[in-house]
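Student: I have a new protein model open and would like to learn how to read it. Could you take me through a few features, step by step?

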Amino acid sequence: MVAAHDKPEPMSAPNANRNDVRDEKNDSSSEDIRETLVEVSNQNQLHRHLGNRQIQLIAIGGSIGTALFVSIGGGLAKGGPGNLLLGYTIYAIMVGLVNNSMAEMVTYMPVSGSFIRMAGRWVDEALGFMAGWNFFLYEACLIPFEISAINLVLGFWRDDIPPAAICIACIVLYAEAEFWLSSGKIVLICILYAFTLVTMCGGNPQHDAYGFRYWTNPGSFAEYLHEGALGRFEGFLGAVFSAGFTVVGPEYLAMVAGEAERPRTYLKNGFKTVYWRFAIFFIGGALCVGIVLPYNDATLQNADTGTANGSPYVIAMQNLGIGVLPHIVNALMITSIFSAGNAYTYCAMRSLYGLACDGQAPRIFQKTLKNGIPVYAFCLVMVFPFLSFLQVSNNTAQVVTWLATLTQGSQMINYIVTSLTYIFFYNATKAQGIDRRTLPYYGYFQPYCSYISLVWMIIIEGTFGYTVFLPGKWDVGNFFAFYTMAIIAFCTYWGWKLFRRTKFVPPLEADLVWDKPAIDAYEASIPDMPTRFRDELKAMFLGKRKKENYMGEDPN
């Protein structure tokens, strides 16, 4: 087969025609080979059809949701602007360390199920079982969380919209969220950052150049639960725990590994962008929220009482007497919520599919449609949005709080598993004489990054519900909201370990070959050069490439 970059020799017209025919046959043969390699390498029916654009947008769609625009206000109220910025910065750095570990493993072995299956292959089969079901429940429970959050946002306009109607509408429409919804998030963030900069410099109806006023009055560090230094430290913890629910990202990139067109090239680029996305979206968002609103604003408490005014940006706009912009922001928040829910649906399906591939979930969840969508996994995931009907008989914000707390514990378990898996992966490469510098992505400062992130996430997982143990604060419901996922993780790990009598994988026995030869051959067989994110956007708008929706499906 002639390589795509080889220069053809001069030839006569008849020879050229014969070679054209032969090239067409070679191209067809190459395509068949790639399809075969994909099926063999993944041992599944998923299609490697996600380009650079889809991968980047799935990462953005999953990492930016309601928390960055609404729930972040809770962290401000507890900790103040200084603690909020400090807490979000530290937590973003810690998740960045997790990203450093995950990127090296996933780009080396881009298989479906990603870090979930790696935990089972390289650490302990029981850990993979626990990690898979934990991640599935995490993603699936985030869907009703976002649906409940929509009710909060819609309450900005009307408070008499039946929650049941919202639930039904979201369940029907979630599958249709596409490229434009993720684009709406970027637009929303740009609007909010511009709003912060312009209004703090005096560009508001009151002509008040307030700058960093709220950092001095009422102050940078709020007291929470107690007074004095202890109260300010607890305020810092409140900000850190708020960041623990908001700052996410690398796991969404990892879950598309089995369907990426050029997994090692596109995933590597995606993981590299995580660092600047953390800086711009999360650290920048924490800074802006602390600028536009004081932590003691009475309306900020609405974040826990069931109205859309809980968004610190909306509160700040109303305080300044800005009339139209709050409506635009709330409308864009709805698109943001739909986009996040779509990413959660995608990842929940793929995690369940990965479990089925390893025999840790019923085999029926391996069944896919012709376009590679796991149909029965999708049907099970679509059961979880009905949990949003809890808001019919309970306060909407209370349901949001329950689901947020429940999923936060699960999220930190994901990062604990990733860090632990990397430590075993690192030891295996060292024992088997594999030079990590030859891998597609080389993680610097390893394995220290993994040890630091592992210890940090374990501490946060164990303490983020500490308030229920304070005198007079005990509540059974709150205790289970904080620690249900930790209990489930403990039970699933030890249950599978005892049932299957699994053992930890020694470094010399870790399967670092796995699907690597087939994936290498697949990538070597692709004749086209990798495309850049901006080039794919140009091609999409100019109609030079088949358009695919956010789920990677052909909409036509």
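Student: Which helix holds Ile487?

Tutor: Ile487 is found in helix α17, residues 476-500. Helices are DSSP runs (H or I, at least four residues), numbered from the N terminus. A word on the source: this is a predicted model, where local features need pLDDT of at least 70 and side-chain atom pairs count only at pLDDT 80 or more, while totals for chains, interfaces and linings use all residues. Residues are numbered from 1 along each chain as its sequence is written, and side-chain values use heavy atoms, leaving out hydrogens and water.

Student: Is Ile487 buried or exposed, or in between?

Tutor: Buried means under 20% relative accessible area, exposed means over 50%, and partly exposed is in between (1.4 Å probe, protein chains only). Ile487 counts as partly exposed because its relative accessibility is 36%.

Student: Which residues form a nonpolar patch with Ile487?

Tutor: A patch takes residues with over 30% relative accessible area and no salt bridge; nonpolar side chains (Val, Leu, Ile, Met, Phe, Trp, Tyr) are joined within 5 Å, like charges within 9 Å. Here Phe469, Trp474, Val476 and Phe480 join Ile487 on the surface, and together the patch has about 510 Å² of accessible area. Such areas come from the Shrake-Rupley method with a 1.4 Å probe, and for residues only the protein chains shown count as cover.

Student: And how many salt bridges are there?

Tutor: A salt bridge is a side-chain nitrogen of Lys or Arg within 4 Å of a carboxyl oxygen of Asp or Glu. By this rule there are nine. In one of them, Asp124 pairs with Lys497, with the closest N and O atoms 2.7 Å apart. This pair links distant parts of the chain, 373 residues apart: Asp124 is in the loop between α4 and α5 (125-154), and Lys497 is in helix α17. Both Asp124 and Lys497 are buried.

Student: What about Asp358: which residue is its salt-bridge partner?

Tutor: Asp358 pairs with Arg117, at 3.1 Å between the closest N and O atoms. Arg117 counts as buried because its relative accessibility is 3%, whereas Asp358, at 28%, counts as partly exposed.

Student: Last one: which residues does Gln411 touch?

Tutor: Contact means heavy atoms within 4.5 Å. Leaving aside residues up to four places away in sequence, Gln411 touches Tyr91, Tyr138, Gly244, Phe245, Val247 and Val248. Gln411 lies in helix α15, residues 396-431, and is buried, with a relative accessible area of 1%.

Definitions and conventions
Helices (H or I, at least four residues) and strands (E, at least two) are DSSP runs, numbered from the N terminus.
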